[in-house]
Amino acid sequence: MGFIRNYGSIVMLLGSIIAGSIAGLIMGENVTYIKPVGDIFLNLLLTAVVPLVFFAIATAIAHIDASHRLGKVMGVMSLVFLSTLLIAAFLTIVAVWIFPVHQHVELSKDIHPEAAGNWGEVITRLLTVNEFYELLSRKNMLPFIIFSVLTGLAAMRTGESGAAFRGFLHSGNEVMKDVLTLIMKAAPVGLGAYFAYQVGTVGPKLFGTYAHSLGIYYGFGTIYFLVGFSFYAFVAGGLNGIKTFWRHNIVPTITAVSSASSIATIPANLVAVKKMGVPDDIGNVVVPLGATLHKDGSSISSIIKMAVVFAMFGKSFNSADIILMALGVTVIASIVEGGIPNGGYIGEMLVMSVYGFPPEALPPLMIIGTLVDPLATILNATGDNVAAMLVTRFLPKRAAAVS
């Protein structure tokens with residue numbers, strides 16, 4: 001029963017993809033008649049994501065305890081989180097260069113991800129809009145995220161006078177999470193219909209693209225889990241750090257697989273990091289915040305999803321500006337999606353917004369994100385443990401985190 005409860009949605013989605021593929025192969029071009037079913041689902045998701053992002057980010061920041069904003073632990077933790085996310089993303093880019101994603105049948109050639117103009121103009125367009133109503137468009141997700149952060153900070157800083165508004169943000173967040181839950185109940189039908197349309201109109205060559213991307217993720221993700229985390233543990237405590245980390249990381253890994261949730265793995269992680277030699281005052285901050293803000297697995301999947309969609313739309317994924325923007329989007333997406341049910345879809349919306357992809361890009365992003373979820377959860381959850389060891393190592397007057 002536990003497996004069905006935690007992975008039932010993935011099983012249903014796989015079933016819908018298989019059914020959609022069969023329908024697409026049988027119906028061919030006639031499959032366009034069921035495409036509106038997928039369009040309706042995507043439109044519902046696209047309209048719900050903007051208020052969801054606002055309430056989720058604003059309320060999370062508004063309710064931060066003041067003690068969490070101060071101190072060297074927070075500073076070192078932020079640097080560790082950022083460093084591991086960027087390392088994971090960059091190494092994934094290298095893996096994609098070595099094993100490039102090829103898509104011989106392109107979905108569309110009518111997009112231009114590379115933004116025109118100098119870097120100043122690009123950054124201005126990327127970070128801001130000049131009218132409030134433009135914030136409400138999914139095409140401007142990053143400016144909207146910045147606005148949500150500022151709103152949350154203001155709500156936190158106003159103290160007692162902002163209590164009512166903080167209550168409104170919390171209530172709105174709970175309501176919008178349930179709205180998304182209701183919409184996602186239609187995901188198997190909606191994505192199945194869209195997958196049938198893609199197979200029927202583009203052809204079975206899509207299967208090779210998906211299989212190739214999954215092979216890269218599970219191959220590189222496994223290497224990163226074993227080698228990357230061992231390297232971080234070595235930095236934190238030498239050879240003894242490696243032994244200590246893997247000795248006590250078994251239970252959190254099993255918990256992450258069985259629960260399919262970084263949040264649900266927090267108790268096991270808290271016990272594990274203490275055995276790894278991480279002091280309570282560090283572990284009790286790094287682990288809970290890491291479950292929301294630190295997601296190496298999501299960082300890896302974000303890069304692979306971008307590479308796949310770029311290939312599907314006939315665009316190169318190797319120019320310097322595209323790569324730099326991809327690294328930035330990956331960090332933001334990995335942070336933003338934490339604590340939101342089906343939060344990976346928020347990151348996918350951000351990818352579409354920054355690079356200007358049409359709604360047709362969302363189904364491939366969602367499908368890949370769902371299929372890599374088991375390993376992504378392991379990387380996301382247990383990465384917090386080795387991060388806690390690194391924070392302990394780099395804090396002044398702290399010994400290496402080993403026991």
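## Salt bridges, core and surface of a helical model

Glu 174 and Lys 177 join their side chains in a salt bridge, with N to O at 3.2 Å. Keep in mind that this is a predicted model. The two residues sit three apart in helix 6 (residues 163–184), which is about one turn of the helix. Glu 174 is partly exposed at 37% relative accessibility, and Lys 177 is partly exposed too, at 22%.

How many salt bridges does the count come to? The count is three, and here they are side by side.

| Salt bridge | N to O distance | Relative accessibility |
|---|---|---|
| Glu 174 and Lys 177 | 3.2 Å | Glu 174 37%, Lys 177 22% |
| Lys 35 and Asp 39 | 3.1 Å | Lys 35 16%, Asp 39 23% |
| Lys 274 and Asp 280 | 3.9 Å | Lys 274 53%, Asp 280 40% |

Lys 35 and Asp 39 are both in helix 2, four residues apart, so again about one turn of the helix lies between them. Is Lys 35 buried or exposed? Lys 35 counts as buried, because its 16% relative accessibility falls under the 20% cut-off. Its partner Asp 39, at 23%, is partly exposed. Over at the Asp 280 pair, Lys 274 is exposed because its 53% is over the 50% limit, while Asp 280 is partly exposed at 40%.

Now for the whole chain. The protein has 16 helices and zero strands. Of its 403 residues, 52% are buried. Looking at contacts with a separation of 6 or more, 81% link residues 24 or more positions apart. The protein exposes about 17,500 Å², and carbon and sulfur atoms supply 68% of that.

On the inside, the largest nonpolar core takes in 114 residues, and the ones with the most contacts within it are Phe 41, Leu 45, Phe 317 and Tyr 355. Helix 2 (residues 35–62) gives this core its largest share, 15 residues. What does Phe 41 touch, leaving aside residues up to four places away in sequence? Its contacts are Ile 183, Met 184, Ala 186, Ala 187, Gly 190, Leu 191 and Met 366.

There's a nice polar detail around Thr 382, which is in helix 16 (residues 373–394). Thr 382 is buried, with a relative accessible area of 0%. Its side chain reaches the backbone oxygen of Ile 378 at 2.6 Å. Not counting residues up to four places away in sequence, Thr 382 touches Phe 225, Phe 229, Phe 245, Asn 249, Pro 252 and Thr 253.

Thr 253, one of those contacts, lies in helix 9 (residues 250–259). Thr 253 is buried as well, because its relative accessible area is 16%, under the 20% limit. A polar atom of its side chain lies 2.8 Å from the backbone oxygen of Asn 249. With residues up to four places away again set aside, Thr 253 touches Phe 225, Ile 378 and Thr 382. Phe 225 thus turns up in the contacts of both threonines.

Which residues make the nonpolar patch on the surface? Ile 18, Ile 22, Leu 25, Ile 26, Met 27 and Phe 207 do, and the patch covers about 570 Å². Helix 1 (residues 2–27) gives the most to it, with five residues. Phe 207 comes from helix 8 (residues 205–248), and at 31% relative accessibility Phe 207 counts as partly exposed.

Technical notes
Residues are numbered from 1 along each chain as its sequence is written. This is a predicted model: local features need pLDDT of at least 70, side-chain atom pairs count only at pLDDT 80 or more; totals for chains, interfaces and linings use all residues. Side-chain values use heavy atoms; hydrogens and water are left out. Buried means under 20% relative accessible area, exposed over 50%, partly exposed in between (1.4 Å probe, protein chains only). A polar contact is a pair of N or O atoms within 3.5 Å; within protein, one must be able to donate a hydrogen and the other to accept it, and residues adjacent in sequence count only if both atoms are side-chain atoms. Contact means heavy atoms within 4.5 Å. Patches are made of residues with over 30% relative accessible area and no salt bridge: like charges are joined within 9 Å, nonpolar side chains (Val, Leu, Ile, Met, Phe, Trp, Tyr) within 5 Å. Accessible areas come from the Shrake-Rupley method with a 1.4 Å probe; for residues, only the protein chains shown count as cover. A salt bridge is a side-chain nitrogen of Lys or Arg within 4 Å of a carboxyl oxygen of Asp or Glu. A nonpolar core is a set of buried Ala, Val, Leu, Ile, Met, Phe, Trp, Tyr and Cys residues joined through side-chain atoms within 4.5 Å.
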